[in-house]
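Work through the following exercises with the sequence and the model side by side, trying each task before reading its solution.

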Amino acid sequence: MRVILAQPRGFCAGVIRAIDIVERALQIFGAPVYVRHEIVHNRHVVERLRAKGARFVEDLSEIPTGAISIFSAHGVATSVEDDARERGLRVLDATCPLVAKVHGQGKRYVAAGRRVILVGHAGHPEVEGTMGQIPGHVLLVQTAADVAALDLHPDTPVAYITQTTLSVDDTRGVIAAIERRFSDVVGPDTNDICYATQNRQSAVRELAKIADVILVVGAKNSSNSNRLREIGLEIGVPSYLIADGSEVRSGWFRESDVVGVTAGASAPEDLVNDVVAALRSTGPIELSMLAGITENVEFRLPAELIRARSATATAS
Ligand code: SF4
């Protein structure tokens with residue numbers, strides 16, 4: 001069996017930064033530190049951080065006053081920031097800078113007098129955070145039919161923004177519908193879309209050209225991992241979303257198959273290795289990796305954490 005790894009795959013810069021923030025907070029301040037929501041959508045990552053002393057909560061009321069509190073990479077609404085302030089929590093914000101950039105774009109559009117339309121999935125934490133960061137009523141659409149149903153005059157000045165885990169390809173149809181429906185539309189440059197989402201989706205398309213089966217390593221509640229699986233299926237390749245090697249099923253492939261393996265932006269590389277080991281346990285494999293983009297994006301840690309680290313180093 002040939003096993004081919006997509007490139008790039010797995011952790012993006014926003015996820016690396018979010019995990020780094022929790023680990024450094026544990027080192028600097030000691031356990032426990034509190035994290036609102038799963039820091040990233042991956043059970044293995046969450047369990048490892050929990051074992052080191054992170055406590056995951058869904059509501060700030062579960063956090064004692066004065067405790068170190070970390071917001072997840074998905075971002076939060078301003079009402080959550082206000083709540084944290086009122087409760088006297090010491091906040092470290094792990095919101096991905098690319099998500100924060102979307103918040104900033106939305107605020108600028110509102111300040112310029114436009115109604116903001118967000119292209120995204122209802123109920124996703126990033127969408128809830130973005131809607132709660134932008135003043136006024138943000139209109140959420142998922143499909144061209146949602147755009148048609150918007151109760152707005154066609155001459156209303158509008159602006160669109162997008163959930164970061166949707167790629168240029170995902171949003172193209174909905175944005176085209178917005179541009180047909182309204183006479184005065186602005187939106188961010190398509191280069192602004194998350195580089196990691198775009199790169200992982202392009203890589204899975206390349207993989208689908210040569211693979212008989214695609215395995216996507218990622219969590220069931222990870223939006224970008226689900227999207228990678230859907231792309232494989234759209235191209236006509238049987239594709240499965242699996243958490244780790246224990247979920248590999250021998251009935252999915254024959255010995256002669258080419259098995260493509262990729263991973264969502266919140267899945268660590270050791271889970272990819274675990275899946276490769278599970279494939280190897282079924283018989284000999286020939287392992288290779290597609291040529292692809294090498295990413296070198298890095299995001300800075302929050303200033304509060306850098307200051308706290310310097311203070312600790314000085315004191316010791
Ligand atoms: S997928 Fe993109 S927006 Fe989301 S955390 Fe990673 S870098 Fe940030």
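**Exercise 1.** Decide whether Thr262 is buried or exposed, and find which residues Thr262 is in contact with beyond its neighbours within four places in sequence.

*Solution.* In this predicted model, the relative accessibility of Thr262 is 0%. Because the limit for a buried residue is under 20% relative accessible area, Thr262 counts as buried. The next step is to place the residue, and Thr262 falls in strand S12, which covers residues 258-263. Leaving aside neighbours within four places in sequence, the contacts of Thr262 are Ala6, Pro8, Arg9, Val204, Leu207, Leu215, Val216, Val217 and Leu228.

**Exercise 2.** Carry out the analysis for Ala263: in which strand does Ala263 lie, and which residues does Ala263 touch?

*Solution.* Ala263 also belongs to a strand, namely S12, and with a relative accessible area of 0% Ala263 is buried. Not counting residues up to four places away in sequence, Ala263 touches Arg9, Gly10, Arg200, Val217, Leu228 and Val272. For a distance check, take the C-alpha atoms of Ala263 and Ile19, which are 244 residues apart along the chain and separated by 17 Å.

**Exercise 3.** Classify Thr162, Tyr240 and Asn296 by accessibility, and then describe where each residue is found.

*Solution.* Begin with Thr162, whose relative accessible area of 12% makes this residue buried. Thr162 is part of strand S8, residues 158-162, and, not counting residues up to four places away in sequence, touches Val102, Leu118, Val119, Thr171, Ile175 and Ile193. One of these residues, Ile175, is 13 residues from Thr162 along the chain, with 9.4 Å between the two C-alpha atoms.

Continue with Tyr240, which is partly exposed at a relative accessible area of 24% and is found in strand S11, residues 239-242. Leaving aside neighbours within four places in sequence, Tyr240 is in contact with Val213, Ile214, Leu215, Val216, Arg229 and Trp252. Tyr240 and Asp151, by contrast, are 39 Å apart in space, C-alpha to C-alpha, with their positions 89 residues apart in sequence.

Finish with Asn296, which is exposed, having a relative accessible area of 71%, and which is found in the loop between strand S13 (286-289) and H11. The C-alpha atoms of Asn296 and Cys12 are separated by 9.8 Å, although these residues are 284 apart along the chain.

**Exercise 4.** Inspect the backbone: which residues do the cis peptide bonds before Pro8 and Pro32 join them to, and what is the phi of His37?

*Solution.* It helps to recall that most residues other than glycine have a negative phi, and that most peptide bonds are trans. Gln7 and Pro8 are joined by a cis peptide bond with omega of about 0°, and Pro8 has its place in the loop between strand S1 (2-5) and helix H1 (13-29). Ala31 and Pro32 are likewise joined by a cis peptide bond, with omega of about 0°, and Pro32 lies in the loop between H1 and strand S2 (33-36). His37, which is not a glycine, has a positive phi of about 70°. The place of His37 is in the loop between S2 and helix H2 (43-52), and at 16% relative accessibility His37 counts as buried.

**Exercise 5.** Identify the residues that touch the most other members of the largest nonpolar core, and state which helix gives the most to this core.

*Solution.* The largest nonpolar core has 34 residues, of which Val22, Val33, Ile39, Val40, Leu49 and Ile70 touch the most other members. At least two residues of this core come from each of H1, S2, H2, strand S3 (54-57), strand S4 (68-71), helix H4 (97-111), helix H8 (195-210) and helix H11 (303-315). H1 gives the most, with nine residues. A second, separate core of 20 residues includes Val217, Val275, Ala278 and Ile285.

**Exercise 6.** Describe the surroundings of the ligand: where does the ligand sit, and which residues surround the ligand?

*Solution.* The ligand sits in the largest cavity, surrounded by Cys12, Gly14, Cys96, Leu98, Thr164, Cys194 and Tyr195. Sorting this shell by class gives five nonpolar, two polar and no charged residues.

How values were computed:
Residues numbered from 1 in each chain as written. Predicted model: local features only at pLDDT ≥ 70, side-chain atom pairs only at ≥ 80, totals over all residues. Heavy atoms only, no water. Helix = DSSP H or I, 4+ residues; strand = E, 2+ residues; numbered from the N terminus. Buried < 20%, exposed > 50% of the residue type's maximum accessible area, 1.4 Å probe, protein only. Contact = heavy atoms within 4.5 Å. Near = heavy atom within 4 Å. 1 Å grid on protein atoms, 1.4 Å probe; cavity = no way out; pocket = protein on both sides within 12 Å on 5 of 7 lines; lining within 4 Å. Sits in = over half its atoms within 2 Å of the grid points. Nonpolar A, V, L, I, M, F, W, Y, C, P; charged D, E, K, R; others polar. Core = buried A, V, L, I, M, F, W, Y, C linked by side-chain atoms within 4.5 Å.
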